[in-house]
Amino acid sequence: MAVAISDIGKEVRSILYGAKDGVFQYDQKLSYSTRTADGVQLVLNAIRKDEKADLSLRTVYNYGNYGLNATFTTSDKVHVLASLDKIAPGVKVSLSATLPDKESGKLLVDYINQHVHLKTSVGMTTQPKVTVSAASGYQNIVFGGEVAYSTEKSAVCNYGLALGLHAGDSQLAVHLQDKCETLKFMAAHNVSKDKMLAAEITRPVAGGDVTFNLGIARRMENGALLKTKIDHTGTLSALYEQRLSTGEKFVLSTQLDTLNIGGKAPKVGFALDLA
């Protein structure tokens, strides 16, 4: 199946920032998940940042082609996502909103087949913003484009292009973002079955400051994940993640400013996911 434009360079983002696993966490986070007899998944998250603690409860229910995802927070907001898959061959329709914000509603439509992946997002307001993206590929080459149109301004407010090479142990991607004014180069390489390297370089097309992220990830024999990355500011980050045989997952992260070691205390955070 064709990939979405957001998946071009996905392996690089997974190494540098995390995805399902390997997410750097500099606060204190505790998660507990369970499932009811009716098939409703419940996920309770508690996050402590500085002196503030936030709680959230996420509920997920899927029945056939229907899906409902709702997250309740202590900030009196409810994030809701309802979806209907296979409304037609390859078509998935979703509605998302953050209550009680009346301007947050979005209609999302995905269409995917062997050759193309189309995504459309329409704001549910009187003057909505419409975003359309399309991606396709041939053999190991993938490419796509995205455009956003503001009905309030009656003008295109953003657009971009992406090109990627997904071949064997390597993944290369080039993104032109922010009305094609920002160039982002991404590369990932599997040195071995348990060691991966990644790099991300960003610069304005017209010239200017260059930013970068370099990272390495390694899977240990016991299944633990080790990650280290450094960026253009000299910020060094490290992560250790271990999933226990009973299903629990523990993550320890730290971040250090290598250019100001004595003047700035390192950040240390952890996350414990109780299955």
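**Exercise 1. Work out how many disulfides the structure holds, and what keeps Cys157 and Cys180 apart.**

Step 1: the count comes to zero disulfides, taking a disulfide as a pair of cysteine sulfur atoms within 2.5 Å. As a reminder, a disulfide is a covalent bond between the sulfur atoms of two cysteines.

Step 2: cysteine 157 is in no disulfide, and its nearest cysteine sulfur belongs to cysteine 180, 13 Å away. Seen from the other end, the sulfur of cysteine 180 has cysteine 157 as its closest partner, and 13 Å is too far for a bond.

Step 3: now check the cover. Cysteine 157 has 28% relative accessibility, so it counts as partly exposed; the cut-offs are under 20% for buried, over 50% for exposed and partly exposed in between, with a 1.4 Å probe and protein chains only. Cysteine 180, at 23%, is partly exposed too.

A word on the ground rules: this is a predicted model, where local features need pLDDT of at least 70, side-chain atom pairs count only at pLDDT 80 or more, and totals for chains, interfaces and linings use all residues. Residues are numbered from 1 along each chain as its sequence is written, and side-chain values use heavy atoms, with hydrogens and water left out.

**Exercise 2. Place threonine 34 in its strand and find what it touches.**

Step 1: threonine 34 sits in strand β1, which spans residues 28–35. Helices (H or I, at least four residues) and strands (E, at least two) are DSSP runs, numbered from the N terminus.

Step 2: leaving out residues up to four places away in sequence, threonine 34 touches Val40, Gln41 and Leu42, where contact means heavy atoms within 4.5 Å.

Step 3: leucine 44 is ten residues from threonine 34 in sequence, and their C-alpha atoms are 8.9 Å apart.

Step 4: the relative accessibility of threonine 34 is 34%, so it counts as partly exposed.

**Exercise 3. Describe the fold and dimensions of the protein chain.**

Step 1: tally the secondary structure, and you get one helix and 19 strands.

Step 2: the radius of gyration is 21 Å, close to the 19 Å from the globule rule for 275 residues, so the chain is as compact as a globular protein of that length. That radius is taken over C-alpha atoms, and the rule is 2.2 Å times the number of residues to the power 0.38.

Step 3: along the principal axes, the C-alpha atoms fill a box of roughly 50 × 50 × 35 Å.

Step 4: buried residues make up 28% of the 275.
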